[in-house]
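Here is a walk through the side-chain contacts of one protein model. Have a look at the picture first, then read on.

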Amino acid sequence: MKLSISRAPARAAVLAAITARTFVTMTVDAPPTHNGAYLCPLIAAALALPWLLCVRALNRRMDARAVTALSAALLPLVLLDAAVTAGEITGSAGYLALDRVPERLLLLPVCAAALWCVFRNGNTMGYAAMLWARLFPLLLILIVALQAQCLRSEWLRPLLGSGWRAIWEGGVRLAGRILPCSALLLIAEGREDAPERRGTTTSTLLTGALVSALLILLHRMMVPTPIREAGWLKRLDDLLTNGRAPLYLQLPMICAWYAGLLHLLACECFAGATLLQRLLPRLGGRQCALLSVAAIALAAAFLPVIDIAEMLSPWQYIAVAPLTALITFVAAGRKGGAASCA
């Protein structure tokens, strides 16, 4: 079995994954950006765009050595971020469960579902993301309509929160978190039915950033930024069951939360398995999927992956982006072409 995904489904999957990762990072994971968090997705998109253009250039050149080198650099980041996502799902499930169930036990159905998604291959996941892109606006309209009387625009002030320095640092950290869930664009294959437009990569990233910024603004108008630093579960509680919205709104909120996180996990598990197959081509797709999901489950069960990802996030973009540019430059020189990422 060869793991693969076409370009159009890959872009749809990346759009949904970027939106989910950005919203979770800037609300529940909560770097110290205060009310200015809504600007971080725009900064992160501006920083991530050159990286994505380099990835697209490598993909088009089909340079095996360059793609292998970048795959080796991305694989640990993808597996780490997938472990973080798995931990966020089990943490959410443990918080909402009526009976106390160990989070390690909750990893079993979560990872089994992710493994099943990988076994269905990439296009199935990408087309599911296209369906979710049509359903999510309807769900969001429902949530906003029911929350409208509870929204407080005055809670957005001060608009810059802790200031431009914190916003910039939050943008750099977020750009590093965007890279793993965008790895699908490196492994996208084949030609599309319609000719690829030049701005498709840009529009995918920009759309994800704008939707994320809107969601963060709505969240800030629903829950004021706490003066004291709150824990992860407290921030999750403020998001899902804050006591201000009607009880019947919790169901669509929880549906949107889990759907976004589960899609993000499926994308990153598939990306991890496909990158591993690129590095070890003798392994079949199912073996790569089993190895990747097993590594993700073990990391989520026994390592403080959320803390590790938060510690590494300021450096991920700074390390990976120049490396990608260098690999693209070398590949362009080897092909005798221009060294431009675009």
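Arg21 is a good place to start: this residue is buried, its relative accessible area being 0%. Buried here stands for under 20% relative accessible area, exposed for over 50%, and partly exposed for anything in between, using a 1.4 Å probe and protein chains only. Keep in mind that this is a predicted model, where local features need pLDDT of at least 70, side-chain atom pairs count only at pLDDT 80 or more, and totals for chains, interfaces and linings use all residues. Residues are numbered from 1 along each chain as its sequence is written, and side-chain values use heavy atoms, with hydrogens and water left out.

So who does Arg21 meet? One partner is Asp81, in a salt bridge of 3.2 Å from N to O; the term covers a side-chain nitrogen of Lys or Arg within 4 Å of a carboxyl oxygen of Asp or Glu. That pair links distant parts of the chain, with Arg21 in helix α1 (residues 7-29) and Asp81 in helix α3 (residues 64-96), 60 residues apart. Helices are DSSP runs of H or I with at least four residues, numbered from the N terminus. Asp81 is buried too, just like Arg21.

Arg21 also has a salt bridge with Glu88, at 3.5 Å from N to O. Again distant parts of the chain are linked, this time 67 residues apart, from helix α1 to helix α3. Glu88 counts as buried because its relative accessibility is 0%. Add Arg177, and you have a network of salt bridges linking Arg21, Asp81, Glu88 and Arg177.

The structure's salt bridges come to five, and one of them joins Arg173 and Glu310 at 2.1 Å, N to O. Arg173 sits in helix α6 (residues 164-181) and Glu310 in helix α12 (residues 305-335), so this contact ties together parts 137 residues apart in sequence. Glu310 is partly exposed, at 22% relative accessible area.

Now for the rings. There is one aromatic pair, made by Trp132 and Phe136, with 5.5 Å centre to centre and 50° between the planes, which makes it tilted. To pair, rings of Phe, Tyr and Trp (its six-membered ring) need centres within 6.5 Å; planes under 30 degrees apart are stacked, over 60 edge-to-face, and the rest tilted. The two residues are four apart in helix α5 (residues 122-147), so about one helical turn separates them. Trp132 is partly exposed at 21% relative accessibility, while Phe136 is buried at 18%.
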